[in-house]
Each structure stands twice: as structure tokens, then as C-alpha cells.
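Trainee: Could we go through this model together? I have a few things to ask about the chain and one of its residues.

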Amino acid sequence: MKKIGVATTGGDAPGMNAAIRAIVRLAASRNLEVVGFQRGWQGLMENESRLLTPRSVGGILQLGGTILHTARSPEFTTKKGIRKAVQTLSSNRIDGFVVIGGNGSFSGALDLSRATDTLIVGVPATIDNDVYGTDETIGFDTAVNTAVSEIDKIRDTAISHERTFIVEVMGRTRGFLALTAGLTAGAEIIIVPEIKSKRENIFQTLKENSRKGKKSSIIVKAEGAGDAGLLAKEIEGRTGAEVRISVLGYAQRGGSPTARSRLLASLFGSKTVELLTDGQGNRIVGLQNGQVSTLSLEKSCKTEKPLDLSMLLLANVLAS
């Protein structure tokens, strides 16, 4: 192992830069060269690269986003795109390649691993927290804190105006962010894509809260769990409550990573370099039961991470 390549692919997540920093500096301590590929898979196919040194990654630990940038790349999903990526790895004499990203990124990494002898390791970094093989992903804690901070502010307005607010957080297919943010912000109702919410139950909960003397409510909903506008109209029609919608949007992806996200990035980066120097590839690193461990890339890609439904039950009890 002489040279490592690294790229950030898919959606950005706070802590990606901290992971890059850890990989570069740990690799340097073992006399390994690190090449960073710009704009994710697109940059890998087009051979957009630059040498990363311990000094070049100075001052990025606290920065959100990714200094290597990222981009969507439909071409990479084709056989031609994979061939171009393999050629780039070969021409740059890359012995080990690190993919920092989420589920979609790891699926691409799995396809690439089947076409090259280069050792590939995945570092889970996504605010969705939906990667199988790790209890928590880089950036998830930061996104949760961002969402909770905004929900706390919205609750002030909800109480002042005696309104019901539907707060929509990111999560097209999974509800880890909505569930964790909703629970920790004390939301009265949490709606996630994994569970089909019965409208009658929502109406009944809001009516019961009103009978208990609650003049306002917060509903936290993942973006993929139905139309917020339609839900708002139905709530107003069935309960008489005044409803407003707040979509938190891309702010959840940005900002300086929390200490937790930086810690995971540093630990995962260290484990990644260790794997590669030991000649191990086609794996992901992750946190399991409080310990940094590894899992096969294929198993991670082909297994759905379960949502902890006991947290949803707890949230319902605490919000009553």
C-alpha cells in the first residue's frame, strides 16, 4: 500500500472534512500518499485530482460541507462510467480508495469494487443515518442538533399564537432524522416513511391534547412521509386548529460539525487507514455497540437498517 485515493460522493454531511483530515494525516504517519478526487464520482471519471498533505487539510476540521466537493453523476451508474473510473484508479496507481458518503455512494462503490483490484473502503457520512453496519453516521448528530434548534424556535411561535406547526425535516425514504429530532424536541406527533400514519390517529391525538389544555402542537414529519400541505388542510378541517408549515430544508446539511460528528469522523478515518494498510478492502467502517468495527461493503448495501420503533413509542408517551 503506497497511495490512497479519497472522494466525497452523494449528499454532503457535516464532518466530511474532518474525515478527510483524519485519513490524510493518519496515512502520512504511515508514509502513504493521498490523492483527493474532486466532485465525487464525476471527478473520479474525469480524473480531477489533487495531492492532499497534512498541511493542505489544516483548518478544515470545523468546516461543514466538503473541500473535495460532490456532484450527482448518472454516468457513473453505466458500464462506461465504471470503466472510466477504473482507468483513473489505474493511471494514478491508486492502491486503496476511500468513499465518504451514504447508501447511494456505497452502492456505487460496490459496483466499482467488482471491476477493479483496488481496495475500497466506505466511510459512512450522511445526515439520514440509514447506512447498515453503523449505529451512527458522520453528520447525523449535527443535523439532529440543527433540526432541534429550529424546532425549539418554532415552538415559541406555536405557543405564542396557539397554533399547530408541521415541521418537515429531511428524509425521503427513512425517518431516522425525524424520529430522533422529534423525540428530543418533544414533538407531539412524529411521522416517518416507515410507518403509514393513520389520519384518524393524528386527529384524535390533537383533539385529546386540546382537551388536556394544550393550545399548541408540534408535528415533526420526514419529507418522504406524505404531503405536508394536504395534511395541514385535513387537520384544520377535522380539528379546527390553525396550522402552519415550516420546511427546514438544506440548512440541516450545513454548518460546523458537532463534537460528536468530528469524533466519529476521526475514529472512522483512523480505522479506514488501518484497514487499507492491513490489505483489507471492500468493507465499510462503522460504530457498533460503542465500538469502531467493520462490515462487508456488500452486506451493508444489501441490508436495510431498521428504525428503532421503541423510540417512537417513547416519544408518544413523553408527549402526552
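Trainee: What percentage of the 320 residues of the protein chain count as buried?
Mentor: Keep in mind that this is a predicted model. A residue counts as buried when its relative accessible area is under 20%. Of the 320 residues in the protein chain, the share that passes is 52%.

Trainee: What is the radius of gyration of the protein chain, which has 11 helices and 11 strands?
Mentor: Good one to ask! For 320 residues the globule rule gives 20 Å, and the protein chain comes close to that, so it is as compact as a globular protein of that length. Its radius of gyration is 22 Å.

Trainee: Which strand holds Lys 3?
Mentor: Look at the stretch covering residues 3-8, where Lys 3 lies. That stretch is strand S1.

Trainee: Is Lys 3 buried or exposed?
Mentor: The cut-off helps here: buried means under 20% relative accessible area. Lys 3 has 19% relative accessibility, so it counts as buried.

Trainee: Which residue offers the backbone oxygen that the side chain of Lys 3 reaches?
Mentor: Leaving aside neighbours within four places in sequence, Lys 3 is in contact with several residues, among them Glu 33, Val 35, Arg 93 and Asp 95. The side chain of Lys 3 reaches a backbone oxygen at 3.0 Å, and that oxygen belongs to Asn 92.

Trainee: How far apart in space are Lys 3 and Val 34?
Mentor: In sequence, Lys 3 and Val 34 are 31 residues apart. In space, C-alpha to C-alpha, their separation is 5.8 Å.

Notes. Residues numbered from 1 in each chain as written. Predicted model: local features only at pLDDT ≥ 70, side-chain atom pairs only at ≥ 80, totals over all residues. Heavy atoms only, no water. Rg over C-alpha atoms; globule rule 2.2 N^0.38 Å. Buried < 20%, exposed > 50% of the residue type's maximum accessible area, 1.4 Å probe, protein only. Helix = DSSP H or I, 4+ residues; strand = E, 2+ residues; numbered from the N terminus. Contact = heavy atoms within 4.5 Å. Polar contact = N/O pair within 3.5 Å; in protein donor to acceptor, adjacent residues only side chain to side chain.
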